[in-house]
Amino acid sequence: MEPESYSCNIILCLVYQYGNSIGNMTFLSELDVKNNQLTSLPESIGNLKRLIVFNATNNRLTAMPRTVANWVCLEELCLHANRIVALPDEFCSLINLESLYIGENLLE
């Protein structure tokens with residue numbers, strides 16, 4: 001297993017095993033859960049206020065929690081190749097966002 005895949009699988013395991021407790025990992029600046037089959041994210045993920053990069057490319061997400069408005073440090077958001085139909089209005093709070101990858105979704 002490649003190191004990148006290994007670390008991604010550890011985080012995925014934490015998301016499934018601890019659910020809302022993932023929000024207690026407030027020290028995280030990057031979270032990469034790409035290429036998994038996630039269908040949703042816990043609301044507590046919004047507690048990751050130091051997050052700079054979030055990558056959930058190639059999953060089965062249909063929505064993002066409104067709590068992502070708390071990611072005020074976020075600079076890069078990768079949601080490419082999911083099933084997202086709409087972005088919450090709270091995305092307007094992401095004032096430091098420089099890169100948004102949202103292609104191949106179901107946005108209207």
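A residue is called buried when its relative accessible area is under 20%, exposed when it is over 50%, and partly exposed in between (1.4 Å probe, protein chains only). With that definition in hand, select Cys-92: its relative accessible area of 70% makes it exposed. Then select Cys-78, which at 6% relative accessibility counts as buried. A disulfide is taken here as a pair of cysteine sulfur atoms within 2.5 Å, and a search of the whole structure finds zero of them.

The model is predicted: local features need pLDDT of at least 70, side-chain atom pairs count only at pLDDT 80 or more, and totals for chains, interfaces and linings use all residues. Residues are numbered from 1 along each chain as its sequence is written, and side-chain values use heavy atoms, with hydrogens and water left out.

**The whole chain**

Colour the chain by secondary structure. Helices (H or I, at least four residues) and strands (E, at least two) are DSSP runs, numbered from the N terminus. The protein chain has one helix and four strands, and from the N terminus on its elements follow the pattern α-β-β-β-β. Of its 108 residues, 42% count as buried.

**The sheet**

Select the four strands next. They form an open sheet in the order E1-E2-E3-E4, with parallel pairing. Strand E1 (30–32) and E4 are the edges; each has a single partner strand, so one side of each is left without a neighbour in the sheet. On average, neighbouring strands of this sheet are turned by 5 degrees against each other, direction ignored. For this angle, axes are lines fitted to C-alpha atoms (for helices, over the stretch in contact), and angles run from 0 to 180 degrees between N-to-C directions.

Two strands are said to pair if DSSP finds at least two bridges between them. Zoom in on E3 and E4, which run parallel and are joined by three bridges. To view a bridge, select Glu-76 together with its partner in E4, Ser-99.

**The salt bridges**

What does the structure hold in the way of salt bridges? There are two, where a salt bridge means a side-chain nitrogen of Lys or Arg within 4 Å of a carboxyl oxygen of Asp or Glu.

- Select Lys-34 and Asp-32: they form a salt bridge whose closest N and O atoms are 2.8 Å apart. Asp-32 is partly exposed, at 25% relative accessibility.
- Select Glu-90 and Arg-66: in this salt bridge the closest N and O atoms are 2.9 Å apart. Glu-90 lies in the loop between strand E3 (76–78) and strand E4 (99–101), and Arg-66 in the loop between strand E2 (53–55) and E3, so the pair ties together parts that are 24 residues apart in sequence. Glu-90 has a relative accessible area of 24% and is partly exposed.

**Contacts between loops**

Move now to Gly-46, in the loop between E1 and E2. Is this residue buried or exposed? At 0% relative accessibility, Gly-46 counts as buried. Add Thr-67 to the selection: the C-alpha atoms of Gly-46 and Thr-67 are separated by 4.4 Å, although the two residues are 21 residues apart along the chain.

Another pair to select is Asn-24 and Ser-44, which are 20 residues apart in sequence and 8.0 Å apart in space, C-alpha to C-alpha. Asn-24 is placed in the loop between helix H1 (3–18) and E1. With a relative accessible area of 59%, Asn-24 is exposed.

**Two backbone angles**

Most residues other than glycine have a negative phi. Select Asn-58, a residue other than glycine, whose phi has a positive value near 60 degrees. Asn-58 is found in the loop between E2 and E3 and counts as partly exposed at 39% relative accessibility.

Select Glu-104 next: its phi is positive, about 55 degrees, although Glu-104 is not a glycine. Glu-104 lies in the segment after E4 and is exposed, with a relative accessible area of 60%.

**A nonpolar patch**

End the tour by showing the surface and selecting Leu-87, Leu-100 and Leu-107, which make a nonpolar surface patch of about 210 Å². Patches are made of residues with over 30% relative accessible area and no salt bridge; like charges are joined within 9 Å, and nonpolar side chains (Val, Leu, Ile, Met, Phe, Trp, Tyr) within 5 Å. Accessible areas come from the Shrake-Rupley method with a 1.4 Å probe, and for residues only the protein chains shown count as cover. Of the patch members, Leu-100 is placed in strand E4 and counts as partly exposed at 38% relative accessibility.
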